[in-house]
Amino acid sequence: MTALLLRRLRDLLIILVIVGTMMFFVIRLIPGDPAQAILGPTARPSDVDALRESMGLNGTLWEQYLSWAGNVVQGDFGTSITYHAPVLGVVADHILPTLTLAVLSTVLSFFLSVAITSWQAVSPRNPVARALDRFSALGMAMPDFWISLVLVLVFSVTLRWFPSSGYENLFTDPATAVPALVLPLTVLVIGQTALFVLTLRESLLGELPLAYLRTARVKGLPERQVMLKHVLPNALMPLITQLGSNFAMLVGGIVIIESIFVVPGLGHLLMGAVSTRDFPLIQGVTLFVAVLFVLVNLLVDLSYALLDPKVRVA
């Protein structure tokens, strides 16, 4: 377990170096001068040069990189050009909406997928279970932006049941927050549940031919008990892997949902940073997502080690 933890911490450092270096050079391929974009086309050249100097953009590319990397090692990710505040503080202010959507949608999708797949396994000929199975494939095929627009049209514009945009803190004002979260959560849950159901179903099908199930049936155990107590726990292992990687990607790739429903999360923040050429903020958000990705996968590996002794020994 200790060796696994040390390996993952090593991987975290390597990934941070690679992601940070790549993003530093890639974002500087964005056309235009950030200082000129901030001050506008009518700004005096002297003002533009002064702003470039304050932003650290007057040196060579390597000098800029070494200066940025040295500051990051000391915990200084720079100051946001747009918000005029430390990057870490800006990211912290916008992380809660994204994590709220990601955590709630992942938890709901997990329990829904386990319930649907278990029902399908215990009652394979039930018409509702078979309909849900077909809906899983349909949910994978529908893009999130299309589902979002349909839900807004039906439930916000036509029926006026839920707001079409906005966000409130779930912990400070739940009465206002819950209705605003219904539509974006529904969009995320549809896609994730479909993916989790397909993953878990394939895992279940791989478990069914194994010898230990024949032994359980020979002992006279009911089929329901065989499925729920023997097959399902073993089949959950691939789903745990899918759960971790999907959650990490969800945090970094929730831009469309946050843009449509005007949720002030990391995706919305990153889009604004790119449009304003806020280099420090772009780098800070991408590094945060990279850290989260590695940490979530570390938790997945640790859960594997706890659930499967063979992984612990390896």
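At 17% relative accessibility, threonine 199 counts as buried, where buried means under 20% relative accessible area, exposed over 50% and partly exposed in between, with a 1.4 Å probe and protein chains only. Threonine 199 is found in helix H8, and its C-alpha atom is separated by 7.3 Å from that of proline 238, although the two residues are 39 apart along the chain. Leaving aside neighbours within four places in sequence, threonine 199 is in contact with Pro238, Leu239 and Gln242, contact being defined as heavy atoms within 4.5 Å.

The structure is a predicted model, in which local features need pLDDT of at least 70 and side-chain atom pairs count only at pLDDT 80 or more, while totals for chains, interfaces and linings use all residues. Residues are numbered from 1 along each chain as its sequence is written, and side-chain values use heavy atoms, with hydrogens and water left out.

**The chain as a whole**

The secondary structure comes to 14 helices and zero strands; helices (H or I, at least four residues) and strands (E, at least two) are DSSP runs numbered from the N terminus. Buried residues make up 37% of the 314 residues in the chain. The accessible surface comes to about 16900 Å², of which 69% belongs to carbon and sulfur atoms, the areas coming from the Shrake-Rupley method with a 1.4 Å probe, and for residues only the protein chains shown count as cover. Among contacts between residues at least 6 apart in sequence, 72% join residues at least 24 apart.

The chain averages a pLDDT of 78, and 83% of the residues score at least 70; pLDDT is the predictor's confidence in each residue, from 0 to 100. Among the elements of the chain, H7 has the highest mean pLDDT, 87, whereas helix H14 (residues 309–313) has the lowest, 53.

**Contacts between distant parts of the sequence**

Leu239, a contact of threonine 199, is also in contact with phenylalanine 110, whose other contacts beyond four places in sequence are Phe196, Leu236 and Leu243. Phenylalanine 110 has its place in helix H5 (residues 87–122), and it lies 129 residues from leucine 239 in sequence but 8.6 Å from it in space, C-alpha to C-alpha.

Glutamine 283, in helix H13 (residues 279–307), counts as buried because its relative accessibility is 3%. Beyond its neighbours within four places in sequence, glutamine 283 is in contact with Phe24, Ile27, Arg28 and Trp68.

**Helices H4, H7 and H12**

Trp68 is one of the buried residues of H4, together with Gln64 and Tyr65. These residues cover an arc of only 100 degrees around the axis, which puts them on the same side of H4; the arc is that of the directions from the helix axis to the C-beta atoms. On the other side of H4, Trp62, Leu66 and Val73 are exposed. The 13 residues of H4 (residues 61–73) should span 18 Å at 1.5 Å a residue, and the end C-alpha atoms are 18 Å apart, which agrees; the expected span is 1.5 Å times one less than the number of residues.

For the 15 residues of H7 (residues 144–158), the expected span is 21 Å and the end C-alpha atoms are 20 Å apart, which agrees. H7 nevertheless has a kink of about 30 degrees centred on valine 152, the bend at a residue being the angle between axes fitted to the seven residues ending there and the seven starting there. Valine 152 is itself buried, as are Ile147, Ser148, Leu151 and Ser156 of H7.

In helix H12 (residues 266–275), the buried residues include Leu266, Gly267, Leu269, Leu270 and Ala273. Seen down the axis of H12, its buried residues fall within an arc of 160 degrees, so they line one face of the helix. An α-helix has 3.6 residues a turn, so residues three or four places apart point the same way.

**Positive phi values**

The table lists residues with positive phi and where they lie.

| Residue | Phi | Place |
|---|---|---|
| Glycine 75 | about 90 degrees | just after H4 |
| Arginine 160 | near 60 degrees | after H7 |
| Arginine 277 | near 55 degrees | after H12 |

Arginine 160 lies in the loop between H7 and helix H8 (174–207) and counts as exposed, at 68% relative accessibility. Valine 262, a residue other than glycine, likewise has a positive phi, near 50 degrees; valine 262 lies in the loop between helix H11 (255–260) and H12 and is partly exposed, with a relative accessible area of 43%.
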